[in-house]
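Reader: Hi! I am new to reading protein structures, and I would like a close look at just one part of this one. Could you pick out a helix and walk me through its surroundings?

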Amino acid sequence: MHGPTTRWDEGEAVSQVDVNRLRMRRATAIALAIGVLVLMAAGVFERLLLGVFISAGLGLGWLNAQVTWMSIVRITDSETPSKQKMALSSASRLLLLTGLAIVIAMFTRPYGIGIFFGLALFQIILVLHTVVPEVKGLRQSS
């Protein structure tokens, strides 16, 4: 097993990588469900294109999270992990993602702005789904 271990609900020790992988799967399922609901609501309000862009933003957020995870694993598993490599990787990824979202939003006005809502929504889902369990765990242990 890689990384530190933690106790899971059943009492068995699992790696933090496995816990994070499970949390990411759950966040993905929640984002997919929200994307479907957004598309349904947008269709009802005859703003289907806005729903498509919000869902695309959710997808871009998911892609960013996956690339971030792979980058973190690659850098920390390397012979010489470095904060500079991590910072450069994050900055380049965020610059690319932001640039892509701005271009999409500008060329598909007014509904293209939904891509930003989708990106923000995925970040909220991911943060709530990964940070809240950790905070609960810290409260229980203290």
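Author: Happy to help: here is a walk along helix H3, with a look at the parts around it.

Please keep in mind that this is a predicted model. To get your bearings, start with the whole chain. The protein chain holds 4 helices and 2 strands, and along the sequence they follow the pattern β-β-α-α-α-α. Of its 142 residues, 26% are buried.

Now to the helix itself. H3 covers residues 83-107. Is its length what you would expect? Let us check: with 25 residues at 1.5 Å a residue, H3 should span 36 Å, and its end C-alpha atoms are 36 Å apart, so the two values agree.

Next, which residues of H3 are buried? They are Ser-89, Arg-93, Leu-97, Ala-101 and Ala-105. Look at the numbering and you may spot a rhythm. An α-helix has 3.6 residues a turn, so residues three or four places apart point the same way. As for what covers these buried residues of H3, H2 and H4 are included.

One of these buried residues, Leu-97, also belongs to a nonpolar core of 5 residues, whose members include Leu-60, Ile-115 and Leu-119. This core lies apart from the largest one, which has 8 residues: Met-24, Ala-27, Ala-31, Leu-58, Ala-65, Phe-122, Ile-125 and Leu-126. The elements that give two or more residues to that largest core are helix H1 (16-44), helix H2 (48-76) and H4. Within it, Met-24 touches Ala-65 and Leu-126, and Met-24 also touches Gln-66, leaving aside residues up to four places away in sequence.

Back to H3, this time for its part in the surface. A nonpolar surface patch of about 710 Å² is made by Ile-102, Val-103, Met-106, Phe-107, Ile-113, Phe-116 and Phe-117. Two elements give two or more residues to this patch, namely helix H3 and helix H4 (114-141). The largest share, 4 residues, comes from H3. From the other helix, take Phe-117 as an example: its place is in H4, and it counts as exposed because its relative accessibility is 52%, where exposed means over 50%.

So is H3 a buried part or a surface part? Some of its residues, such as Leu-97 and Ala-101, are buried, while H3 also gives 4 residues to the nonpolar patch on the surface.

Definitions and conventions: Residues numbered from 1 in each chain as written. Predicted model: local features only at pLDDT ≥ 70, side-chain atom pairs only at ≥ 80, totals over all residues. Heavy atoms only, no water. Patch = residues over 30% accessible without salt bridge, like charges linked within 9 Å, V, L, I, M, F, W, Y side chains within 5 Å. Areas by Shrake-Rupley, 256 points an atom, 1.4 Å probe, with all protein chains shown as cover. Salt bridge = Lys/Arg side-chain N within 4 Å of Asp/Glu carboxyl O. Buried < 20%, exposed > 50% of the residue type's maximum accessible area, 1.4 Å probe, protein only. Core = buried A, V, L, I, M, F, W, Y, C linked by side-chain atoms within 4.5 Å. Contact = heavy atoms within 4.5 Å. Expected span 1.5 Å × (residues − 1).
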